[in-house]
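Thanks for making time this morning. I would like to walk you through one model, beginning with a sheet and then turning to how the domains meet.

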Amino acid sequence: MMKELHSRGENADDIAECLKKTPVHPRIAAAIKAAHAFGCDLRILSDANQFFIEKILEYHDLLGCFSKIYTNPTFVDEEGRLRIFPYHDSTLSPHGCSLCPSNLCKGQVLNNIQASAPESERQNFIYLGDGSGDYCPTLKLGDKDYVMPRKNYPLWNCIFSDRAFVKAEVREWSNGEELEGILLHLINRISSERSIL
């Protein structure tokens, strides 16, 4: 697609300008800022790409809220064309996950995030998603974790087709107001439980 856009005379600056039109629900933006202010370690795990994500977050003043973005890397070549590459190097051995596309296994990335956390610090994960690619990492969550699938989207359908596979507590949402309310409630709940321990 980027090659086709470039052949029509569009460059990375044109794409960046177009990305400014990408809406972010104001309650979702508020939830991100509130979670960040509360001290949560927010990360993005996306099958999109670095350029799109960073430009959209920059425009909405949210980029600084995230400590890390795991996605398909990009660079702009000398002709101004945006180049997108797979997160997992396809010249190496494949990730071996039948649930995920070859370019990115979100479950493998989540496993790496979980393994990198200090054992002395009890971690709780709240995973938000809506696509079918979010099902694999959902299966990696434990019973002290939470998954927030968007109602009637592929992840929600995967979870509720056989609820027994998911150990995490499921909290569905349909719109920005619900996402904000549920997310901030869960953060407060986790914080309260930790202060009791």
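Before I count anything, let me say that two strands are taken as paired here if DSSP finds at least two bridges between them. Please also keep in mind that what you see is a predicted model.

With that in hand, look at β5 and at strand β6, residues 146-149, which run parallel and are joined by 4 bridges. If you want one position to anchor your eye, take Y127, whose bridge partner in β6 is V147. This pairing belongs to an open sheet of 3 strands, ordered β5-β6-β7, in which the pairing is parallel. Why do β5 and β7 each have one side without a neighbour in the sheet? β5, at 126-129, and β7, at 169-170, stand at the edges and have a single partner strand each, so one side of each is left open in that sense. As a general reminder, the strands of a sheet pair through backbone hydrogen bonds, whether parallel or antiparallel.

Now to the domains. The chain is divided into domain 1, which comprises 1-24 and 41-85, and domain 2, which covers 93-196. Their centres, taken over C-alpha atoms, are separated by 24 Å, and the contact draws 6 residues from domain 1 and 8 residues from domain 2.

How much area do the two domains bury between them? The figure is about 640 Å², with 66% of it on carbon and sulfur atoms. On the domain 1 side, L45, D47 and Y70 supply 71% of the area buried against domain 2, which is more than any other three residues.

As for specific interactions, the count of salt bridges between the domains is 0, while 2 residue pairs are in polar contact. The elements giving two or more residues to the domain 1 side are β1, at 42-49, and β2, at 66-72, and β1 provides the largest share, 4 residues. By class, that side has 2 nonpolar, 2 polar and 2 charged residues.

Definitions and conventions
Residues are numbered from 1 along each chain as its sequence is written. This is a predicted model: local features need pLDDT of at least 70, side-chain atom pairs count only at pLDDT 80 or more; totals for chains, interfaces and linings use all residues. Side-chain values use heavy atoms; hydrogens and water are left out. Domain bounds come from an automatic or database domain assignment. Contact means heavy atoms within 4.5 Å. Buried area is the accessible area (1.4 Å probe) that two parts lose on being put together, summed over both. A salt bridge is a side-chain nitrogen of Lys or Arg within 4 Å of a carboxyl oxygen of Asp or Glu. A polar contact is a pair of N or O atoms within 3.5 Å; within protein, one must be able to donate a hydrogen and the other to accept it, and residues adjacent in sequence count only if both atoms are side-chain atoms. Ala, Val, Leu, Ile, Met, Phe, Trp, Tyr, Cys and Pro count as nonpolar, Asp, Glu, Lys and Arg as charged, and the others, Gly among them, as polar.
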